[in-house]
Every structure is written in structure tokens, then in C-alpha cells.
Amino acid sequence: MLRNYFKIAIRQLRKQKMYSAVKTGGFAMGIAACLLIALYIKEELSYDKSYPDAARIYRVVGWATENGTEEKWLSFPAPMTGAMLKDFPEVEKAGRLMPNNLFPGAGSNEVRPADKEVSTHEDGFTYADQSVLDILKIPMVYGDRAHALQEPNTVVISKSKADKYFPNQDPVGKILFLNNDKSKAYKIGGVMQDLPANSHLNKFNFLLSLAGIEWWPGEQSSWDANNYIDYILLRPGTNIARFEKKLTTGILQNYYLPSMLKSGDKNAEKELASASLHLQLISDINLYSSDIKSYAANLQDGSSQGDIRFIWLFGAIACFILMIACINFINLSTAKSANRAKEVGLRKVIGSRRNSLIKQFLTESLLYSFLSFALGIVLAWALLPYFNMLSDKSLTIPWTAWWLIPIMVLSATVIGLMAGIYPAFYLSSFQPIQVLKGQLSRGSKNSILRNGLVIFQFSTSIVLIVSTVVVYSQMHFILNKKLGYNKEQVLMLEGANTLGASVSSFKTALLKLPAVQSVSVSDFLPIAGTKRNGNSFWNEGKQHTDIGIDCQFWVVDNDYIKTMGMKMVAGRNFSPGMQTDSQAVIINQTLAEKLNLKDPIGKRIANGGATFPVIGVVQDFNFESLRDPVGGLVMHLGSSPSIVSVKINTGDMSHTIASIASVWKNFSPGQPMRYRFLDESFAAMYADVQRMAGIFTSFAVLAVIIACLGLFGLSAFMAEQRSKEIGVRKVLGATASSITALMSKDFLKLVIIAILIASPIAWWAMSKWLQDFAYRVPIDWWIFVLAGGTAVVIALFTVSFQSVKAAMSNPVDSLRSE
């Protein structure tokens, strides 16, 4: 019997080529989308699970409520890991990472082995304790993990970097120089295996030892500065909730509070009242860190993190697209019921039981499902490079994994049964006497279920279209918003710290080029990846009575404001001729407002023990992501020479860059010039938004195509079912346009209902998404008109093909049997 079922199923597939193509094509597209999204979700959920003790490794996160807003952070004082080991027996090991590029060595450097003359730019440097290697148990290629970072000025490098700089060698004991600084040699203490791509630390290729490090006298014992990210390994069986309460009380009351009171902070108890310490399981870091302050401030301890909300979003999109494809199958199967009614009637007359008919129709559904899965896998394989580009991943289909074929077979079976169960029961329920008398016309009637499924298809498509338009609108708004500085035609020369004391002469030489307007030397720029220095400031004399205002404290030069195209709203810029400016500061409008300075010029503000006179106020500019409002900022003169920013005024950019490169070569003949443009770096800050726009566009197009495939097949069948009615209407004088309108209006009603359902859903979803941005576009009415109009036009175009074909047919062909 099973062989007969398959024979009949194959015969049906060949007999109805168009319907088979629509069913199989829609299914295959839905399955391909689901498979790609499943690979993405699997990758995101696999982060940081490869460490042997992953279930006991935690990162410490601070929580506090300030002005009704909950804030989270990662940076803690240097002695905190020692305090945890000493005071809490639950802590087996504790270690620190310090990736803050404010400190020399962390972030990016120009690297060269001692026996080479030319340095190479490398990212991925962080300071780390020896205990971090012990906690993570990172496999070593060369060297002893237990002692690799124990000595001062040692470094552990990844295997890929070892192969790059020391091919076919054991580099342990060899020397590296950073930024051409020969006064400080780093000895390689070990070579670790490259951290896997699904590790939140995977971008770190150089671990610099924290042994012997003290950034200023007393820094390693001070509880006043927060610069270290702490990881701990807990002993088995530790109750996490209970330990978090114990940790909060022990650390805040025994260490933070005495330190704050000692410094004269009279608000210490009030500030700590809302603070608490929590533990984040290492496998949760990738997906549950988007709301942590240090990530937004580029203090992140590795690669850009994922977001659990995207996992839910993509999972929902996958389900909806698959449901749309399944709806096509159900719709076409039930719509064609009249065509198969006589088959069912004859089978029942000659003795077929209902359960055998159900098995027959389920076999057909399974055949379609397996065929669609085969095509879907091929389609997913073909689209994987494009999807990787959209999602910024390197996903692969695990062809050799033992579980792949069983999961595909099981999925094809489950989906085939789910999609086919309603048509199977529906078609097998026909009564033979009604069918053989010709009294059954159920397939041509409007089905409430069928109409509901069409509405669902187009509602999903419209939500995706609205989402795509909103994301693109927000992206356009971000890239074109007035930021308070001019990012156009600013060239950033990186690695300038290798020039040493010659950087001032290099700046002077650049200013002699005719196309160069101004030059500034500073690593603090209003884009991600450059230096940040968080500090607290007070009005002079208020340090012990007021709560400090958190803000940024940037090192700039005299030409910084001019080069960045910023505007002074009060006071003056730094002047090279005034020696007292070395002790003065310029603040932004936000800080002046937060410090309640009505007339800031001449006032003095304090940062801990030092005080500074304010000589100017710069207009607010967005120096962080547009997801956040403008914060307070203080600028002072100093040396921060890794980046030289060059403001250019020319139409011949390539010639100007060549001239700048020639000047660079005169100062650093053995070092290639590296540069990027400020506007491109700004745009790169929103790569995640651009990726989301591309993903939404792709899935919206896919959903519309699948929905249209179903609508095309459905309209073709409806035209076939109503052929005699159309013939009669034409004989009675109906025009082709009136028949086309008649055939189209029923589908148009469904699309309009879908618009009414989808619009509030889309508005709610995108309003939630836009809440992540402090500066955002409004969701205007025209977006819904555009999405609805697009859906109407696509639906009418799809249906009209069959409607016009039916309207232009010869009525004799449909009425000759009457």
C-alpha cells in the first residue's frame, strides 16, 4: 500500500506542475530561511561553552539605580579580586582583564619582533592576570600555562600571531616591541590556541601580563579607580543568589564605603544604597550584555556582543516565514478539493476507508515536504555567503555532523505532517453520494479558514515591510544628523605614536601642504574605538558635599576644536601663546548645565584633588553612539599622540593622500602609513543597524514572494473554478475589465484587512526597537501607507495575471458542455 501511496503522490505531482511548483518552491524558500536562521541562533547560543569549567565561571557586574534609571557596569578597582579571594571561601580563583585602551599597551599597537625593523599594526591587546589563564584553561601550543603570565613584561600570543611573526618556530622567550618603544621589551611567555569564534574574548590575540603593573603610585591598592574586569571561578555547589547578596554586602560595606568616607565623600552611604554586585555566567555574556554601560563605552572585554532580543526576533521571523509556506500548502490543497472530490468519492465507493485516504494525502504532503527540504538545503547553501555578509558571521552548514541528517528527516516529517494534516482530514471527509451527484462545490466557495490564512500571510509581510522602512529611515537619520562637529574630509592617521618626539614636527610639515586646513594630535575622537576616560567632576569646594557628575575627560591639543569643526558658544579656544592654558579646561554645554553653571567662564571645577579654570564652553556634540544622549565632557591640553587628524579641503583626494604619505615616509621610512576617514568610522559604529536593515529587507522580500506564490496559485484555481460563471457573464455582455475587477476585489479585501491588522503590530514593534536610540525618527503615517500600498500593488499584480487571463478566455470553451 505504501508503494501505491507514493505512486499516486508522484502522479499528482507530475499532473499538476504549476501547483506542485508553487507548493514546493514556497516550502523550499521557507525551509531555507529557517535553516539559515537556525544556524545563526545555534552559533549565538554556543558562545563560551567550550571552557572546561564554563558552568562555574562568572563575570562580576555592578548594578545601581540613578535618577530612576538602572545602570550596569563591568569596571572595578584593582584590589577587588584579591579581596574576593581573601574574604569569600566560595571563590576558588579570581582574575582580571584590563582592555581599556586609555592605558598604554591595551587596545591596538604597532608590533615587531626584536630582530625586525618594520612594525605591523595589530588589534586585540589586553592586560590579564595569570589566573585568567587558569580559570579559562586555555589550551597552550607552546609554553607552560601555569607560569606564562607570572613574570612582569611577559605576553601570551595566539597561535595565528605566532605563525605570522615566528613561522615554524617555538617563540617562547623571544622579544616583541610595541610602538617602537625599545625601552620596554615584552618576552613571550607562551602561545595559546586561537580562542574560538564563539568566545566573547575571541578578538584577543595578545595577553599582556598584569604582574608588576602599577599605573600610578598606590594604584593597585586603591579603591577609588575602576579599570578592571573581574572573572571568578566558584567552588562547586555555590548558591549564586545567596553569594551575590554576601558579595554585595562584603565588598561595598568593607571596602568601597571606608574608601569613599576616607576621601571625604559625605554622600557615600546614599550612593551605595542602590548599588549591588551580581554574577553573570560566562555563557550568558554574549547575549545578555547589551545593557551594560562598559560595552557602550568601548570598554568591552572582547568582540561585539550579541543580543537575546535578536535571537527571539529572528526565531519569530523564521517561524512566520515557515508558517506562510505551510499556509500556501494548506490553502492550495483545500482550494483544489473540488478537483479531487470525485477521486475521493470513487475510492470510497469501491471500498476505501477514510484512514487509508488520510494516509494517501499525508503521503503526498510528506513527499512535498521531503522534496522541499532537499531544495531548501541547496538554496540555503547557495545563500549562505550572502547571509554571512548580512549577519557578519562565518557560518557553515555542518555536512559531516552526525545529527544533521536525522534532524532534517525528523523536521521534514514533522512539517510535512503538520502542513498536511488539515487537508488530509478535510479531503477525506467528503461524502461519496454528494460528490457523485455533482452536488459538491466546496472548493469554489470562500473559506473562512483559507481567507484567514491569506490575511495572516500578508499581515506578516506588511509588518516586515514597515520594519524595513523604519530601520532604513533611522539609518538615514543617523548618518545625516547634525552631530555638532564636521566629520567630512577628516583623515585619521593611526599609529602616529611610533613617531615619538617627532610628532610635533610631523604636524608642522603636514600644515605646509596646500590642501591641509588644520591638523590635530589626539586619540580622543567622537567615534567608537578611540580612547575614553571616565571621571567625576564637581564645582570647586563641593567635592565632599555634592555627588560628582560623571563625564569624559579628554586630552586634546590647540587645534582639536578647529579640526573637528566644533563651535564655541562661550569663552575661547586653547591658545598656543598662553602658558596658563595648560592648566585650563573647556567644557561642553551639558556639563555646564549639570554643574548648574550659568556663566561658566572663569569658574573652577574639580576632579578629585585637582582644580581647573574653565576658559570656554563648546557646543554639545555627539561623542558616543546616538543611542545615548550627549554626556558631560571636559577637554584639557596634553599629549595623546596615537592618532593625527587632518582636515582636508580638496577635490583631488588621491593626490592629497599621496602627499601626506610622502611626508609620513620622511618621518617614518620603515613604517607604512595607515589611515581611515572619520565619516567612514562613524558609519561603521552603526554596522549592526545596517545589518538589521539588510536582514529585514531580505526576509520581507522572501515573505512577500512566498505569499505571492500562494496567492498566484490560489487565484489561478479560483479562475478555474469560476470559469463557467465568467463564461456566462461574458455571454451576457460583461467586459474584460469588469471581470478582472470581480476576480480581484475578493483578494483586495483580504489585503486591506491584513493592513489594518499589521499596522498596529508593526507600530508597537518598531516603537520598542527605536527606544534604544536617544535620537530617533518618528514613525510617520506615510510609512504605513507605503507598506500597505506596496502590499496592495503586489497582490493586485499577482492576482490580475490570472484574472485577465480568465477574462480574455473564450466563453465557448467553458460553456460547451452546458
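**Notebook: contacts, burial and a kinked helix**

I began with Pro613, which touches Gln583, Ala584, Val585, Lys603 and Arg604 when residues up to four places away in sequence are not counted, a contact being heavy atoms within 4.5 Å. I noted that the model is predicted, so that local features need pLDDT of at least 70 and side-chain atom pairs count only at pLDDT 80 or more, while totals for chains, interfaces and linings use all residues. I also noted that residues are numbered from 1 along each chain as its sequence is written, and that side-chain values use heavy atoms, with hydrogens and water left out.

I placed Pro613 in strand β21, residues 610–618; helices (H or I, at least four residues) and strands (E, at least two) are DSSP runs numbered from the N terminus. Pro613 is partly exposed at a relative accessible area of 21%, where buried means under 20%, exposed over 50% and partly exposed in between, with a 1.4 Å probe and protein chains only. I looked up its separation from Ala33, 580 residues apart along the chain, and found 60 Å between the two C-alpha atoms.

I turned next to Ser645, found in strand β23, residues 643–648, and recorded that Ser645 is buried, with a relative accessible area of 1%. Leaving aside neighbours within four places in sequence, I listed contacts of Ser645 with residues including Val490, Leu491, Met492, Ser518, Thr563 and Met564.

I then looked at helix α22, residues 736–770, whose 35 residues reach 48 Å from first C-alpha to last, close to the 51 Å expected at 1.5 Å a residue; the expected span is 1.5 Å times one less than the number of residues. I found a kink of about 35° in α22, centred on Lys745, the bend at a residue being the angle between axes fitted to the seven residues ending there and the seven starting there.

On Leu449 I noted a place in helix α14, residues 448–480, and a partly exposed state, with a relative accessible area of 37%. Leu449 joins Ile421, Tyr422 and Phe425 in a nonpolar surface patch of about 340 Å², and helix α12, residues 404–427, gives the largest share of that patch, three residues.

For the whole chain I recorded 24 helices and 24 strands, and a box of roughly 105 × 55 × 55 Å filled by the C-alpha atoms along the principal axes. Buried residues make up 53% of the 818 residues, and among contacts between residues at least 6 apart in sequence, 78% join residues at least 24 apart.

Methods
Patches are made of residues with over 30% relative accessible area and no salt bridge: like charges are joined within 9 Å, nonpolar side chains (Val, Leu, Ile, Met, Phe, Trp, Tyr) within 5 Å. Accessible areas come from the Shrake-Rupley method with a 1.4 Å probe; for residues, only the protein chains shown count as cover. A salt bridge is a side-chain nitrogen of Lys or Arg within 4 Å of a carboxyl oxygen of Asp or Glu.
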